[in-house]
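Here are my notes on this model, as numbered points. Please keep the structure open while reading.

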Amino acid sequence: MTDTDVRLQPKKKGLTRRQKRRLSRGAQYAVFVAAVIAFAATADWGRLQNQFAQADIAKQMFPDVITLALKNTVLYTLSGFVVGLVLGMVIALMRLSSVGPYRWVASVYIEIFRGLPALLIFIFVGVAVPLAFPGTEIPGGTYGKVALALGLVSAAYMAETIRAGIQAVPKGQMEAARSLGFSPARAMVSIILPQAFRIILPPLTNELVLLFKDSSLVLFLGVTLEERELSKYGRDLASTTANSTPILVAGLCYLLVTIPLSFVVRRMESKSQEAIR
């Protein structure tokens, strides 16, 4: 066979990149489906139903699981979010201040409260504060303690979020406000912060979702029957009934709030990205 014959022979074509991606994607789907089928085939659904899906036990939880436990969880979350937002805004402005001690205090606060577990903050509020200030009580009782604990936890994260939002506003906005006769404080409140909050609204809403779950730590403060939130309510009933159905119902109540909030966050993030484009 001559060199000319070799050159004239058709070359063998391999798979294109698109075909390889399709093949890889198909293999991944096949592995996922096989894993689901294996899990469904090997799980003991009868025992799971007996332990987690007793309809009669679930019916006993209503309407208290909504009117008491879920209501308290929402109140704890909202109060903690408000405290964290106010404190976080103050910390963020201190972090951006030209005064050195303000920046140092804000930096130390952020590093400490971002590094400590939320559980330790709850124990600190419930135990350390009464020991440090004998005879004083946090206003609002348990609700005030939870608001303070959740606020301290979330303020460190919100402060960094707010700071990033303020710095994302073009510097020309402040210069334009000052040229119109605004004082620095008035320009910050009237011009900069409204624009910054439009930018940081999605991450702040995401922080609300995280606080909603962190409210389960309220049990470490010692709550009464009327002050129980979803996790405490579900655990108490699970111990009473010797069944885990109340825990599952409590988890579903969490999802009733967190899933819509997560959807709102995704919608706001997509709208903000479209506005940037």
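The points below go through helix geometry, cores, the main pocket and some backbone details.

1. Status. This is a predicted model. Every value below is computed from it.

2. Helix 10. This helix covers residues 184-214, 31 in number. Its end C-alpha atoms are only 37 Å apart. A straight helix would reach 45 Å at 1.5 Å a residue. Where is the kink in helix 10? Look at Ile200, shortly before the proline Pro202: the kink there is about 55 degrees.

3. Lys213. This residue also belongs to helix 10. It counts as partly exposed because its relative accessibility is 44%. Lys213 and Thr73 are 140 residues apart along the chain, yet their C-alpha atoms are separated by 8.8 Å.

4. Helix 5. The 32 residues of helix 5 should span 46 Å at 1.5 Å a residue, and the end C-alpha atoms are 44 Å apart, so expectation and model agree. There is still a bend, of about 30 degrees, at Leu70.

5. Helix 6. Its 16 residues reach 23 Å from first C-alpha to last. That is close to the 22 Å expected at 1.5 Å a residue. Which residues of helix 6 are buried? They are Gly100, Ala106, Tyr109, Ile110 and Phe113. These buried residues pack against helix 5, helix 7 and helix 8. As a general point, an α-helix has 3.6 residues a turn, so residues three or four places apart point the same way.

6. Largest nonpolar core. It has 39 residues. Ile91, Tyr109, Phe122, Val146 and Ile166 have the most contacts inside it. Helix 5 (64-95), helix 6 (100-115), helix 7 (118-132), helix 8 (141-168) and helix 10 each give two or more residues to this core. Helix 8 provides the largest share, 11 residues. Leaving aside residues up to four places away in sequence, Ile91 touches Ala106, Tyr109, Ile110 and Ala159.

7. Second core. A separate core of 13 residues is also present. Among its members are Ala58, Leu70, Leu230 and Cys253. Leu70 is also where helix 5 bends.

8. Largest pocket. Its volume is about 250 Å³. Which elements each supply at least two residues of the lining? Helix 8, helix 9 (171-179) and helix 10 do. The lining is made up of Leu93, Leu96, Ser97, Ile166, Gln167, Val169, Pro170, Lys171, Met174, Met188 and Ile192. One of these, Ile166, is also among the residues with the most contacts inside the largest nonpolar core.

9. Cis peptide. Phe62 and Pro63 are joined by a cis peptide bond, with omega about 5 degrees. Pro63 sits in the loop between helix 4 (55-60) and helix 5. In general, most peptide bonds are trans.

10. Loop between helix 11 and helix 12. Ala242 lies here, between helix 11 (230-241) and helix 12 (245-276). Its phi is near 55 degrees, a positive value in a residue other than glycine. Is Ala242 buried or exposed? It counts as exposed, because its relative accessibility is 64%. Ser244 is found in this loop too. At 15% relative accessibility, Ser244 counts as buried. Not counting residues up to four places away in sequence, Ser244 touches Gln51 and Phe52.

Technical notes. Residues numbered from 1 in each chain as written. Predicted model: local features only at pLDDT ≥ 70, side-chain atom pairs only at ≥ 80, totals over all residues. Heavy atoms only, no water. Helix = DSSP H or I, 4+ residues; strand = E, 2+ residues; numbered from the N terminus. Expected span 1.5 Å × (residues − 1). Bend = angle between axes of the 7 residues up to and from the residue. Core = buried A, V, L, I, M, F, W, Y, C linked by side-chain atoms within 4.5 Å. Buried < 20%, exposed > 50% of the residue type's maximum accessible area, 1.4 Å probe, protein only. Contact = heavy atoms within 4.5 Å. 1 Å grid on protein atoms, 1.4 Å probe; cavity = no way out; pocket = protein on both sides within 12 Å on 5 of 7 lines; lining within 4 Å. Points joined across faces, edges and corners; volume = space filled by probe spheres on them.
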